2 protein chains.
Amino acid sequence: MDSSNTISNCKTCIYKSWAFKNLSEEELKLINCKKTEKFYRKGDIICSEGDEIKSFMYLQNGLVKLFKTEISKREHIISIAKPKDFIGLLSIFSNTNHVYSISAIEDSVVCFVDLKIIKNLIKSNGIFALDFFERISSVSDSVIKTRIDINTRQLRGRIAYILLLFSKHIYDSEKFNLPISRKEIAELIDMSTENVIRVLSEFRKDKLIQIEGKSIEIIDIKRLEKVYDLG
Amino acid sequence: MDSSNTISNCKTCIYKSWAFKNLSEEELKLINCKKTEKFYRKGDIICSEGDEIKSFMYLQNGLVKLFKTEISKREHIISIAKPKDFIGLLSIFSNTNHVYSISAIEDSVVCFVDLKIIKNLIKSNGIFALDFFERISSVSDSVIKTRIDINTRQLRGRIAYILLLFSKHIYDSEKFNLPISRKEIAELIDMSTENVIRVLSEFRKDKLIQIEGKSIEIIDIKRLEKVYDLG
DNA sequence: TATCATTTATGATATATATCATAATATATA
DNA sequence: TATATATTATGATATATATCATAAATGATA
């Protein structure tokens, strides 16, 4: 946790979610006054299981993971949030404390808006309420969909899934640097670290991808998609 | 799909969710005019994947399952909804069509409220918007929590989980009739039907439960909870 | 730079789980 | 009621996956 200063203006913020599109200038000003932007270095903890929920958190830049620490000390990653995603699921409406922890997997900027203000806006601006829930619902639904996609597949299908996720939904490129370790991939898709490494090697030998450390290039996306489809 | 008639009044409805507590008499009347109650027999389909989303669905009575049919024709159960639950996840705010199918696993009464009315109420009544999202968020969060609970456990832990779920959260009794077949349990907790049967037999031999067809009695809940905890 | 810890890598083995086979019940249907 | 069909049940076997062992490569730290 490094700096902590208000650098941008909500009204003109280029990272602004379309969920805020129907807010008036005054309403945006209200958010702007009470928001905090924080920069986190890769690895920094943003919030921990059990912490009181005070803010609505919005990822401006970077990449963060939502995770839970099991009794066995093993971590389990629930989801990865990308820029413009709300982070922390819907718990903010049904819980007083965080159920999961959040940390940065890349240098990130998180925007914290006092939860009371968001709740007041929901009360006073019905159009915003709908826009906001449309957006937050789709994030939550996609977490559920992802969990099912992963559980109903076996190892090769899961690795294909995660590679396609990074390529299509996060980096929008067939060449990218894996932001997480093989161990974290394992924690995200419920398999052992060794098998993550093994399957990645298989994909390399099968000429589906090229690997060099964290650098991945998908060289046969059609076949990789087939691996994903077949499970 | 059998009868379809308006039998109760929202204002006095004993099945009313507390999410509706802050609605005025007029608002409840509005819902009452536009709602439909439908009775479904065990096994009946309530809605199918791909159907247009027109209503907000609320389970008055009975038990329903939310499921997806895989390409392999195998079904995968996402969640089971109990009375007073909203059914259909949050998709209603972020999708135009149902992503999953819903069917009755016990004789059920579902209350359909025109989605436009709910959306209008969210726009016009901020207190309702918050109550409503608080409730719907907790349903959605618990689906995510359940999926994680299941995936991070192995077979015995999963069966323990499902038995405790029925006992504690659905029937509130240590003796109950399983509303679903062993095959459906398998589809709910991602394991093979044979192994569901096998583990249930093991639990019987280990004197954790008594089984007679669909009738289950938990006779050593402490040890069953331990099996769940150990995964 | 040297030392230590972590990550990546691969093979061998153990374990968990699915699949196949078969049979007894139970349930639905003509 | 008789017949077909689905469900429950168990054992044997195959398969997927985790675990263990070891080593090289990489990164962190004193």
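Is B:Phe176 buried or exposed? I shall answer that shortly, after a word on conventions. This is a predicted model, in which local features need pLDDT of at least 70, side-chain atom pairs count only at pLDDT 80 or more, and totals for chains, interfaces and linings use all residues. Residues are numbered from 1 along each chain as its sequence is written, chains are lettered from A and ligands numbered from 1 in the order in which they are written, and side-chain values use heavy atoms, with hydrogens and water left out.

B:Phe176 is buried, with a relative accessible area of 5%, whereas B:Tyr171 is partly exposed, at 25%. Here buried means under 20% relative accessible area, exposed over 50%, and partly exposed in between, with a 1.4 Å probe and protein chains only.

Let us turn to DNA strand D. There are 16 residues around this strand, the closest being A:Gln154, A:Asn195, B:Arg182, B:Ser201 and B:Lys214; a residue is near a strand if one of its heavy atoms lies within 4 Å of it.

Which atoms of B:Lys214 and DNA strand D lie 2.9 Å apart? They are a polar side-chain atom of B:Lys214 and a phosphate oxygen of the strand. In chain A, an N or O atom in the side chain of A:Arg198 is 3.0 Å from a base oxygen of DNA strand D, and a polar backbone atom of A:Ser192 is 3.3 Å from a phosphate oxygen of that strand.

Of the atoms of DNA strand D within 4 Å of the protein, 53% belong to sugar or phosphate, and the rest to bases.

Key:
Polar contact = N/O pair within 3.5 Å; in protein donor to acceptor, adjacent residues only side chain to side chain.
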